[in-house]
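The following exchange works through a few elements of one chain, starting with a pair of strands and moving on to a sheet and a surface patch.

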Amino acid sequence: MKLYALSGDPAKPCYVLSYKGLMIMLDCGLSISSVLNFLPLPLVQSPKFQCLPNWNCRDSDIQLEDGEIKECCGCAFVNSAPEFVPPLEKLIDFSEIDVILISNYTNMLALPYITEGTGFCGEVYATEPTLQIGRFFLEELVEYIEASPKESTARMWKEIQHQLPMPLNDVFKPKNWRHLFSMDAVNKSLARVRMTGYDQKLDIFGALQVTPISSGFCLGSSNWTIVSGQEKISYISGSSTLTTHPRPINQTALKYSDVVIMTGLTQAPHVNPDAMLGELCMNVMMTLRNGGSVLIPCYPSGVVYDLFECLSVSLDNQGFTQIPMFFISPVADSSLAYSNILAEWLSTSKQNKVYIPDEPFPHASLVKNAKLKHFKHIDSEGFSTEFRQPCVVFCGHPSLRFGDAVHFVELWGSNPLHTIIFTEPDFPHMQALAPYQPLAIKTVYCPIETSLNFQQANKLIKELKPGVLVIPENYTQPPAIAPQKLDLVIDPIPDKMIIKFKRGEVIKLPLKRKRGRVYLNPKMAKTICPQEVQPGVTVSTVTGVLQVKDNIHDLLPLEPTKEELADEHKSKPAGPPQPYSQLRTVRYEWGTLDINLLLKKLAQDGFTDLKVEQGSADEVTLLLPSEDTVIKVSEKSTDIVCGGKQSLRLKLRDLLLQCVQSF
């Protein structure tokens with residue numbers, strides 16, 4: 001079994017497992033951090049970005065397109081449509097992928113890159129919330145990019161990357177970056193997805209059985225178990241043991257796996273999400289008291305639901321009941337509506353509200369009471385009428401490179417009364433703000449990450465007791481944000497193997513098939529006559545044809561020839577037909593070869609120039625010079641090598657079989 005690492009970001013995983021002749025892709029995460037190297041895409045032309053000075057190469061022989069690279073406060077940015085880092089294409093042919101298993105909606109944004117225009121014809125499996133909310137993420141991303149198209153595309157900078165200023169001279173293989181796909185590609189790729197439910201066993205070409213297991217991270221998120229006969233593989237990605245709105249993690253189904261592949265641990269291991277939530281509410285209240293407004297760049301689903309709930313309670317407790325909250329996203333209305341019809345995917349406390357009946361999420365009542373107002377864009381009908389300050393605005397994109405958040409940063413950036421709070425750990429907040437500098441707006445970093453931290457992951461691993469643990473290399477060393485924290489790693493497991501990998505590697509996993517399931521034909525089963533060879537041990541011989549079809553092994557009866565059927569009919573003209581296994585005499589050889597008996601029979605058959613060479617303790621070589629033949633006999637095998645004489649080989653084979661025991 002092999003693992004191909006197509007992604008270098010454990011938070012946006014994409015791996016391929018090669019097993020039993022199948023190619024199984026585990027997630028297809030899209031790395032978006034590359035967009036931080038590009039200038040933001042404002043909804044209208046921005047004087048600030050237009051007035052940024054061009055960067056010019058000192059080498060006069062190198063000519064960039066006019067304005068291709070812009071400088072701002074010592075940093076260089078590409079003035080072009082942003083590009084993304086898809087999974088590695090050269091490591092594996094996407095047309096050979098048989099099945100894609102998606103664990104959650106944050107790990108499926110690269111799906112159009114993999115399924116469209118590559119010859120892909122496999123199956124894609126995901127839960128219903130993963131598919132639908134993943135659609136929201138993809139649609140929002142495409143709409144943001146298409147809303148602010150760039151007139152030209154920067155290309156030359158990639159050819160002189162080593163001569164560029166920071167941070168462009170340090171980016172990883174920009175020639176592999178690609179522009180975003182179209183909405184048509186999104187729709188075609190999502191049409192391939194087959195929805196599945198928790199604990200539903202899915203047959204993969206008869207060779208494997210895969211099952212999605214609740215992971216507790218977000219709505220519809222799942223870990224996957226892959227079972228083949230006696231072997232079990234578990235893929236753990238984006239899991240959480242915290243009590244939030246999704247259904248809790250199912251640990252029992254992951255226990256005692258031969259191999260556990262773990263990824264998607266927290267990107268903010270140095271902070272506690274509950275403490276960050278409290279700090280966020282405190283900063284929001286402080287800003288509102290001073291007459292300022294708050295911008296929270298966010299995704300259209302996920303943690304934002306918990307922020308609505310927490311902030312609405314804090315606003316009421318602090319006497320800010322009239323302060324409006326705005327949720328702005330191209331898919332805002334769809335996201336809010338869809339989240340309230342997902343009872344089966346929610347925690348028990350949220351499910352109980354459905355049966356009262358009541359909405360599981362408080363944002364439904366917030367919308368009814370006009371405390372939470374949602375719009376597709378800032379230019380949507382009614383927004384200018386409803387908008388008033390101070391307020392709290394939730395909008396995308398967290399990278400601050402496109403979307404309505406770009407407008408609010410430009411609008412409020414020069415006012416120190418306002419605050420921008422970063423809750424998504426996908427992007428370093430200072431890099432996100434770099435092209436807007438200098439800024440007076442207050443900046444707060446409160447990463448709220450509910451996926452497993454290292455302490456929780458180590459505890460989970462001990463409880464699961466895996467045979468082999470496979471993890472990204474990043475998890476074996478402290479993160480860059482906290483290099484002194486030596487406890488922020490995956491601990492070694494006594495007497496267990498830990499295999500680490502990094503982007504672009506192909507890892508051999510120590511999982512060998514020891515047994516396989518074979519189905520015995522009922523007709524053959526009736527003819528079996530077990531015999532006791534020792535107390536408690538009963539055996540029987542079986543002779544048949546092994547048929548392998550769709551990775552299912554069937555042992556079928558031998559089919560008789562026409563002559564044998566005729567002979568049977570003549571000998572038994574009346575009565576029911578006898579089982580064919582009784583017609584054919586089959587010998588089963590066993591035991592060790594009697595060399596002395598073989599030499600005697602060879603001499604009797606006219607082989608007089610026989611030479612015997614003793615090799616190691618259990619190996620003997622017989623030479624027949626006149627026949628250009630060698631017979632090698634060892635404890636485990638017997639080989640006959642003769643110069644193209646098939647009749648001689650068969651004759652020697654028959655003599656050999658006469659020198660072993662049989663029944």
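Q: In which sense do strand β33 and strand β34 pair, and over how many bridges?
A: In this predicted model, β33 covers residues 629–633 and β34 covers residues 638–642. A hairpin of 4 residues joins β33 to β34, and Ile 631 stands opposite Ile 640 in β34. The two strands pair in the antiparallel sense, over 5 bridges.

Q: Which strands are the edge strands of the open sheet with the order β10-β8-β7-β3-β2-β1-β24?
A: The sheet has 7 strands and its pairing is mixed. An edge strand here pairs on one side only, and the strands that do so are β10 (193–196) and β24 (506–508).

Q: By what angle are neighbouring strands of this sheet turned against each other on average?
A: The value is an average over neighbouring strands of the sheet, and direction is ignored in it. On that basis the strands are turned against each other by 25°.

Q: What is the bridge partner of Lys 2 in β24?
A: Strand β1, residues 2–5, pairs with β24 in the antiparallel sense over 3 bridges. Within that pairing, the partner of Lys 2 in β24 is Lys 508.

Q: Which residues make the nonpolar surface patch of about 260 Å²?
A: One of the contributors is Leu 546, which is placed in strand β28, residues 545–549. Together with two valines, this leucine makes the patch, whose members are Val 518, Leu 546 and Val 548.

Terms used. Residues numbered from 1 in each chain as written. Predicted model: local features only at pLDDT ≥ 70, side-chain atom pairs only at ≥ 80, totals over all residues. Heavy atoms only, no water. Patch = residues over 30% accessible without salt bridge, like charges linked within 9 Å, V, L, I, M, F, W, Y side chains within 5 Å. Areas by Shrake-Rupley, 256 points an atom, 1.4 Å probe, with all protein chains shown as cover. Salt bridge = Lys/Arg side-chain N within 4 Å of Asp/Glu carboxyl O. Pairing = 2+ DSSP bridges. Axes fitted to C-alpha atoms, helices over the stretch in contact; angles between N-to-C directions.
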